[in-house]
Amino acid sequence: MAAITAGCSISGEKSSVRGFTISEMEKMSAVYHKEYSDNHNITKSAVKELRNSQCIMRALTRSVNGAFAGMRTEWAVDVTRDCSMNTAVLAHGRLLISNCVVGKLHNQDQEAYIIAHAFAHTLLEHDNERITPYLAEKSKEKDYSFKQYLRTQGGYDVFTRAVGLPDRQGEVMPYTAEHETAADILAIQAMAGAGFNPSAALIVWQNMTRDDDLNASSYIKTHPHSPQYLNQLSELVEQAMPIYRKARTEYGRTPVCQ
């Protein structure tokens, strides 16, 4: 499956907008995850939610173009009880997802869109681009330590916002329009290639703007989708439908993750 990236290049190397290699991002994400685990309620009891999310991640991973640098075959999952309706995929290979995502979305296709969108941001190295203005020069200092940086006032929150999550004060860093378009293109193609119905993306956004019970306000702020952009999203879904039908009828990809 060819991945269209809407102007985003993927190299895994440092550049003017990406201050870190994929390997460096993986190491920083691993350190961040330890801090994240200390600051959030990672639940071991949401067995069904965990199993469903792991199933979706496996299906998506198999459908994404393997040419992506640093591609993994398996991703770990942490389920939290934070109902801010946010999901993130860390570069070192871990999905962070709220049990409210699984509990309040209506089916596996809708959950697959939320996960695929976060997955796409990571594959496209958007977290790298977003943290670079804060850390690229600082990381060159002789006594710099990312672990110590996370424990400074504000350091943990800056990295949290960079990976697409609300910080401890509920503040967010919105992705750019270019980031959102690129992530949606890749996410919808990945969904379709895995056998998830890509039209679920439109239903997710319709529900988010209508249903206050979804607690989606911070997600909407982080991943802005204007009414005008939703028309473009509809076109992406239509273009992906042949991929979806082929995945199911010719390749037998009919995921059961619910």
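Visitor: In the hairpin of β2 and β3, which residue takes a positive phi?

Guide: Gly93 does, with a phi near 105 degrees, and the hairpin has three residues between the strands. Please keep in mind that this is a predicted model, where local features need pLDDT of at least 70 and side-chain atom pairs count only at pLDDT 80 or more, while totals for chains, interfaces and linings use all residues. Residues are numbered from 1 along each chain as its sequence is written, and side-chain values use heavy atoms, with hydrogens and water left out.

Visitor: How should I read the strand labels and pairings, and what joins β3 to β1 and β2?

Guide: Strands (E, at least two residues) and helices (H or I, at least four) are DSSP runs numbered from the N terminus, and two strands pair if DSSP finds at least two bridges between them. Here, β1 (residues 76–80) runs parallel to β3 and is joined to it by five bridges, with Thr80 opposite Ser98 of β3. Strand β2 (residues 87–90) runs antiparallel to β3, through four bridges, and Ala88 stands opposite Leu96 there.

Visitor: How many of the residues of β3 are buried?

Guide: Buried means under 20% relative accessible area, exposed means over 50%, and partly exposed is in between (1.4 Å probe, protein chains only). Four of the five residues in β3 (residues 94–98) are buried, which leaves the strand mostly covered.

Visitor: Let's move on to empty space. How many cavities of 30 Å³ or more does a search of the whole structure find?

Guide: Rolling a probe the size of a water molecule over the atoms shows where empty space is left. On a 1 Å grid over the protein atoms alone, a cavity is a set of points where a 1.4 Å probe fits but cannot get out; a pocket is an open set with protein on both sides within 12 Å along at least five of seven lines, and lining residues have an atom within 4 Å of a point. Grid points are joined across faces, edges and corners, and a volume is the space filled by probe spheres set on the points. The search finds two such cavities. The second largest has a volume of about 70 Å³, and its lining includes Ala88, His121, Asp127 and Tyr175. Elements β2, α4 (108–123) and α5 (126–135) each give two or more residues to that lining.

Visitor: And what is the volume of the largest pocket?

Guide: About 210 Å³. Among the residues lining this pocket are Lys14, Phe20, Glu137, Lys140 and Tyr144.

Visitor: Which residue forms a salt bridge with Lys140?

Guide: A salt bridge is a side-chain nitrogen of Lys or Arg within 4 Å of a carboxyl oxygen of Asp or Glu, and the structure holds eight. Lys140 pairs with Glu137, their closest N and O atoms being 3.3 Å apart. Lys140 counts as exposed at 61% relative accessibility, and Glu137 is exposed at 57%.

Visitor: Which parts does the pair of Asp157 and Arg168 tie together?

Guide: Their side chains meet at 3.1 Å, N to O. Asp157 lies in helix α7 (residues 155–162) and Arg168 in the loop between α7 and α8 (177–194), so the pair ties together parts 11 residues apart in sequence. Asp157 is buried at 6%, whereas Arg168 is partly exposed at 49%.

Visitor: Are Arg161 and Asp167 buried or exposed?

Guide: Arg161 counts as buried at 17% relative accessibility, and Asp167 counts as buried at 7%. They form a salt bridge with closest N and O atoms 2.5 Å apart. Elsewhere, salt bridges that share partners join Arg18, Glu125 and Glu129 into one network.
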